[in-house]
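Colleague: I would like to learn how to read a model of this kind, feature by feature. Could we begin with the overall fold and then move to single residues?

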Amino acid sequence: MEGRPLTERNVCQTATGRTQSRETVLTGLASIRKCARGNKALQFTALLHHITVKQLRESYLALKPKAAPGVDNVTWQQYGNELMSNLEHLHEKVHTGKYRALPVKRCYIPKADGTQRPLGIISLEDKIIQHAIITVLNAIYETDFLGFSYGFRPGRSAHNALDAVAVGIQRKKINWVLDADIQGFYENIDHEHLLKFLRHRIADKRILRLITYWLKAGIWEEGNWQMTTKGCPQGSVIGPLISNIYLHYVLDLWAQSYRTKKAKGDMLIVRYADDLIFGFQFKSEANEFMQHLKRRFTKFGLQLHEQKTKLIRFGRFARQQRGERGEGKPETFEFLGFTHICAQTHINQKFVVKRQTSKKRMRATLQAIKVELMKRRHAPVVQTGKWLRSVIHGYSNYHAVPGNMKILSNFKREICYNWLKSLRRRSQRSRITWDKFIKLVKLYIPALKRVHEYPHERFIVKYS
């Protein structure tokens, strides 16, 4: 059967095929990726035709079924009752220009420092379209993003960024670390600059129009609609990609140019979304870079958080140099939930970067568990035990890194103590004995073990 011709001014088709492993592959997206990798200046003029009903269905299935509904009050299960009919109608609206984004429902979650973080809950159809658009745009931008960018990218995780920090400090001549924090990054993304950055690669006006709809949809809070002139709501599906694109042009390309053309000593760059770590060999270059960084951010509507941004002496010579000056132990910095410490191995006294769970975050987590246990004190013991097992499994899957097992043991002990306390509050007449409680602990509380490999081992395997 004859195949259809290529779309005018487009670089690929949307045909799909199967690999030998029986996995469906979007060959059109593979062609996009190939063209984007071969020509860094290529603009893609026709992308919307890749948003098919099949792609929308895959995006729907990729969403979290238990996520809170947006302003439309439509849940994942309700939408799935007539899934194909709803997706065909959504596909028609997108391709005929009838689609309009709904406002973002605003909610707040507490942060570890006591403040509240604003989150945006978008409607279900907006989530589906955003996920489908991300699938297409990732084929382009994954070829553009630099190696030291780790946040919310396919095949990369927070532990890859943590490995890069540890290995970089241990292998390079790093003596100073700049722990930088962007103040209110998601709330201060400039829409005009963002659309200008997108046009470097995207020339399909329909895609740009959809992104503009999402940026200008507004905020729905306590029954009132607020217009949005800047920012991107945290919690939206497309938010992570938007943030990576914005910082790719504002920070990554500029910092890479600074490292290759201006820096005379070794320099380390690791970015996970808006969390930034820079390492320097010389303090003078660190101070110079920080001043340039402030001016660069100001140009694009961003600024560093003065209280959370700090330059510290950190590295293999930090302990010796601070000791000679009578300054005490080397300072530490926090990155992605871990406190990074200058340490030495017990055998040959070799310098290593030790990582321990941030005390502030662990205290906040323990407090939340304690409150929840008190709410569950009259619930069946089996139900509470299974819940605690899942909590400890999830916590240890992230925090069980080499050198952090003692902290995790303290975390587990605190949880067991709070569980025993809540069980003894169930009744004033009968109190649970220690022997009976130990049996519950052995039955429901999992044993702790190291989940993650040493940073240099995993880093070499992944990036050698």
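Modeller: Let us start from the notion of a contact, which here means heavy atoms within 4.5 Å. The model is a predicted one, and among contacts in the protein between residues at least 6 apart in sequence, 71% join residues at least 24 apart.

Colleague: What radius of gyration would a compact globule with 464 residues have, and what does the protein have?

Modeller: For 464 residues a compact globule would be near 23 Å, and the protein, at 25 Å, agrees with that expectation. Along the principal axes, the C-alpha atoms fill a box of roughly 70 × 65 × 50 Å. The protein contains 16 helices and 13 strands, and buried residues account for 46% of the 464 residues. The exposed area is about 24800 Å², of which carbon and sulfur atoms supply 51%.

Colleague: How many residues does the largest nonpolar core have, and which residues have the most contacts inside it?

Modeller: The general idea is that in soluble globular proteins nonpolar side chains tend to be buried together. In this model the largest nonpolar core has 103 residues, and those with the most contacts inside it are Ile169, Phe278, Phe289 and Phe335. A second, separate core of 23 residues includes Leu366, Ile369, Leu388 and Ile392. To take one residue of the largest core, Phe335 is in contact with Ala161, Leu162, Val165, Val270, Tyr272, Asp275, Ile277 and His340, once its neighbours within four places in sequence are left aside.

Colleague: How should I read a strand in such a model, and how many residues of strand β5 are buried?

Modeller: A useful approach is to look at burial, then at the two faces, then at the partners. Strand β5 (residues 176-181) is largely enclosed by the rest of the structure, because six of its six residues are buried. Trp176, Leu178 and Ala180 point one way from β5, whereas Val177, Asp179 and Asp181 point the other way, and all are buried. As for partners, β5 runs antiparallel to strand β9 (residues 275-280), to which six bridges join it, and Asp181 has Asp275 as its bridge partner in β9. Strand β5 is also antiparallel to strand β10 (residues 310-313), with four bridges between them, and there Val177 stands opposite Ile312.

Colleague: Which strand holds Gln356, and is Gln356 buried or exposed?

Modeller: Gln356 is found in strand β13 (residues 351-357), and it counts as buried because its relative accessibility is 18%, where the cut-off is under 20%. Not counting residues up to four places away in sequence, Gln356 touches Gly337, Phe338, Thr339, Ile341, Gly403, Asn404 and Ile407.

Colleague: Turning to a helix, where is Ala132 placed, and which residues does Ala132 contact beyond its neighbours in sequence?

Modeller: Ala132 lies in helix α5 (residues 124-141) and counts as buried, at 0% relative accessibility. With neighbours within four places in sequence left aside, Ala132 is in contact with Ile51, Gln55, Leu56 and Ser59. The C-alpha atoms of Ala132 and Ile51 are separated by 6.5 Å, although these residues are 81 residues apart along the chain.

Colleague: What should I make of backbone angles, and where are Glu222 and Leu336 found?

Modeller: The background is that most residues other than glycine have a negative phi. Glu222, in the loop between β6 (219-221) and β7 (224-226), has a positive phi near 55°. Leu336, which is found in the loop between β11 (333-335) and β12 (338-344), also has a positive phi, of about 55°, although it is not a glycine. Their surroundings can be read from accessibility: Glu222 is exposed, with a relative accessible area of 76%, whereas Leu336 is buried, at 10%.

Colleague: Finally, how many disulfides are counted, and how far from Cys232 is the nearest cysteine sulfur?

Modeller: The test is whether a pair of cysteine sulfur atoms lies within 2.5 Å, and by this rule the count comes to zero disulfides. Cys232 is in no disulfide, since the nearest cysteine sulfur, that of Cys107, is 15 Å away, beyond the 2.5 Å cut-off. Cys232 is buried, with a relative accessible area of 5%, whereas Cys35 counts as partly exposed at 26% relative accessibility.

Conventions. Residues numbered from 1 in each chain as written. Predicted model: local features only at pLDDT ≥ 70, side-chain atom pairs only at ≥ 80, totals over all residues. Heavy atoms only, no water. Buried < 20%, exposed > 50% of the residue type's maximum accessible area, 1.4 Å probe, protein only. Core = buried A, V, L, I, M, F, W, Y, C linked by side-chain atoms within 4.5 Å. Rg over C-alpha atoms; globule rule 2.2 N^0.38 Å. Areas by Shrake-Rupley, 256 points an atom, 1.4 Å probe, with all protein chains shown as cover. Pairing = 2+ DSSP bridges.
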